[in-house]
Amino acid sequence: MRTFYHKPRVTQLEEIQQPCIFVSNHDAKRGPVIAELYLPVRTAKWGAYQMLCDYNTRRKYLRDIFYIKKQGYGRGLASFKAFFEAFFSLFIYRGMNFLPTYPDARLAKTINESVEVLKSGMSVFIFPEDSDDGYKEVMEKFFPGFVMLADAYCRKTGKDVPVYPVYYHAKSKKMVIGAPRFPRALKEQGLDRNAVADVLRDDVNALFNNYISRN
């Protein structure tokens, strides 16, 4: 993997407190791989549940969702890439400690498993951007699943888990890890779950605006 994904220049604004949650842009499929290879701490990652299913489910997800819907590929090229990638993607996902995420009530299982990961001392890396219209440099929406995880961890441990914004930019070969936010503290200021997600989305976008696009 390191042969194809070279190490970016990593800028870390503050020392990382573990366990923690990282939230980041996706940058297509490059973001998760770079996080696995070059983030300075070990993490479990949230990923689409289809990528941990059987070969045909993986192939259809890669073709129809990842390549056609999110990246605008034609059906022929998308089918070609998905056909081969689906063979080995399961092993990569398992090797990168992926936890399957779901668009329904099964997300509760992911959150419970993630709480146990955090309680063990390992951190969790989440890509919460809404990428239905493709992957954008400046993101418009974050889904609040990571806030739900922080809430669940706080209920079980009494601790306000730090959430670090991360931005990876493949073209400039840079990764920036920002200063943490604390969800419980934000909620005590009157913010609801979606508003907390908006704050972290703005933090991630600010890393791009301040440390990548201007340099």
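In this predicted model, helix α3 spans residues 75-95 and carries both F83 and F87. The two residues are 4 positions apart, about one turn of the helix. Their ring centres lie 5.4 Å apart. The planes meet at 90°, so the pair is edge-to-face, the cut-off for that class being over 60 degrees. Both residues are partly exposed. F83 has a relative accessible area of 40%. F87 reaches 46%. Each value falls between the limits of 20% for buried and 50% for exposed, so each residue takes the intermediate class.

The F83 and F87 rings belong to a cluster. Ring pairs link them with Y55, F80 and F84. The count of aromatic pairs in the model is 14. Among them is the pair of F66 and Y67, which is edge-to-face. Here the centres are 4.9 Å apart and the planes stand at 80°. F66 and Y67 are both buried, whereas F83 and F87 are partly exposed. Another ring, that of Y49, has a charge over it: the charged end of R106 sits 5.2 Å from the ring centre.

The strands form an open sheet. Its 7 members follow the order β1-β7-β6-β2-β5-β3-β4, and the pairing is mixed. The edges are β1 (9-12) and β4 (98-101), each of which pairs on one side only. Neighbouring strands are turned against each other by 25° on average, direction ignored.

Within this sheet, β5 (residues 123-126) stands between β2 and β3 in the strand order. Its pairing with β2 (residues 21-24) is parallel and comprises 3 bridges. F22 has F125 of β5 as its bridge partner. The β3 strand also runs parallel to β5, and 3 bridges join the two. On that side, A44 is bridged to V124 of β5. The side chains of β5 alternate in direction. S123 and F125 point one way, V124 and I126 the other. All four residues are buried. F125 thus appears both as the bridge partner of F22 and as a buried residue of β5. V124, the bridge partner of A44, is buried as well.

Helix α1 (residues 30-38) lies across several strands of the sheet. These are β1, β3 (43-48), β4, β5, β6 (163-169) and β7 (174-177). The helix runs at about 165° to β3. Both edge strands, β1 and β4, are among the strands that α1 lies across.

Key
Residues are numbered from 1 along each chain as its sequence is written. This is a predicted model: local features need pLDDT of at least 70, side-chain atom pairs count only at pLDDT 80 or more; totals for chains, interfaces and linings use all residues. Side-chain values use heavy atoms; hydrogens and water are left out. Two strands pair if DSSP finds at least two bridges between them. Axes are lines fitted to C-alpha atoms, for helices over the stretch in contact, and angles run from 0 to 180 degrees between N-to-C directions. Contact means heavy atoms within 4.5 Å. Rings of Phe, Tyr and Trp (its six-membered ring) pair if their centres lie within 6.5 Å; planes under 30 degrees apart count as stacked, over 60 as edge-to-face and the rest as tilted. Buried means under 20% relative accessible area, exposed over 50%, partly exposed in between (1.4 Å probe, protein chains only). A charge sits over a ring if NZ of Lys or CZ of Arg is within 6 Å of the ring centre and within 35 degrees of the ring normal.
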